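Here are a few worked exercises on charged pairs and nonpolar packing. Try each task before you read its solution.

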Amino acid sequence: MGLAPARGLQQLLSGGFGALPLPGRGQTLLRWRALAAVAAVDLGLIKLFEGHTDALAILAELGAEPPPAGSSWGVWASEPPQARVRVSGRADGRVELSGRKAWCSGAPQVSHALVTAWDAEERQCLVAVAMKQAGVRVTKEGWHAVGMASSASVDVLFEGAVGTRVGPPGGYTARPGFWQGGAGIAACWYGAAAAVGETLRAHCARREEPHARAHLGAVDTALGGARALLREAAAWIDAHPREDASLVAWRARAGVEAAAELVLRHTGRAVGAGPYCRDARVARRMADLPVFLRQSHAERDLEALAGLVVKEGAGGWSL
């Protein structure tokens, strides 16, 4: 079943694996390989681990104070209309948060979080918040999924919680690392999809089934294309660390999502019901990955990609 996410995260952090290379510093692919490797083990764990490593990258890019030793972090930036947090200043220079935040992955486990909130001028701000304080209440609301159940992406209520601003208003999305981190999510999808594909590869290694091997050929082709997209994206980010990486990120995410969905389909058709029903690790991964992929917004993301493609022109497809 893999490691329990909270215990697995602490093991990774205590082992020094939380300090991944920052994106855009020449080792982006190494960073993504680490994310993919953790995702291949457990998707609940990667949800927490990726959030922690993303928080460290954000803090570094926006010039914030280094995180406390031994701390674990989440990044909660979803903005559904029914769950919006407000931020107001205090005389001591800190801020107070009030409101409901949705989709707070790892809320019961992490010690700190970076939370998006809105000030009186309707500007989005980023605030660092310690979870162990009277003004923070982690609910059991907002998350009923079977897939990714261990990520505990519940609602959190802030009632005068005290925090510290990180960067200027609008800085969270305006920084180059926003899209660099968005592309890194695709590396997590890839790692999990490759682990699903390994189930099929092992199946084909045990027996000669022509149809199953045809499915494996399709899976290998899909994973090869996704792998090439991620390597190209990482190289571009390292070569252009301060430039807008949105087009690169949208392409990587769309390509890896399509590959992951194909891997799920071909593997399921090839191996049949057995692994779904008799192998707990496989069953959990097959349930988790479709939910995790919904960090993509499907056709809305493809429409956003198309807008950038139109702006770029035909030269963007040169070989």
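Some vocabulary to start: a residue is buried under 20% relative accessible area, exposed over 50%, and partly exposed in between (1.4 Å probe, protein chains only). The model is predicted, so local features need pLDDT of at least 70, side-chain atom pairs count only at pLDDT 80 or more, and totals for chains, interfaces and linings use all residues. Residues are numbered from 1 along each chain as its sequence is written, and side-chain values use heavy atoms, with hydrogens and water left out.

**Exercise 1.** Find which residue forms a salt bridge with R84, and work out why the pair ties together parts apart in sequence.

Step 1: apply the rule, which asks for a side-chain nitrogen of Lys or Arg within 4 Å of a carboxyl oxygen of Asp or Glu. R84 pairs up with E122, and their closest N and O atoms are 3.4 Å apart.

Step 2: place both ends, taking helices (H or I, at least four residues) and strands (E, at least two) as DSSP runs numbered from the N terminus. R84 is in the loop between β1 (73-76) and β2 (85-89), while E122 is in the loop between β4 (112-118) and β5 (124-130), so the bridge links parts that are 38 residues apart in sequence.

Step 3: check accessibility. R84 comes out partly exposed at 36%, and E122 is partly exposed too, at 44%.

**Exercise 2.** Do the same for R251.

Step 1: the partner is E312, with the closest N and O atoms 3.0 Å apart.

Step 2: R251 belongs to helix α7 (residues 246-271) and E312 to helix α10 (residues 299-312), so this pair ties together parts 61 residues apart in sequence.

Step 3: R251 has 25% relative accessibility, which makes it partly exposed; E312, at 36%, is partly exposed as well.

Step 4: look for shared partners elsewhere. D42, R284 and D288 are joined into one network that way. The full tally is 18 salt bridges.

**Exercise 3.** Work out which residues touch the most other members of the largest nonpolar core, and which helix gives the most to it.

Step 1: collect buried Ala, Val, Leu, Ile, Met, Phe, Trp, Tyr and Cys residues joined through side-chain atoms within 4.5 Å. The largest such set has 72 residues.

Step 2: rank by contacts. W32, I46, W76, L97 and F158 touch the most other members.

Step 3: sort by element. Helix α5 (residues 177-206) gives the most, with twelve residues.

Step 4: see what lies apart. Another core has eleven residues, including I58, L59, W73 and L126.
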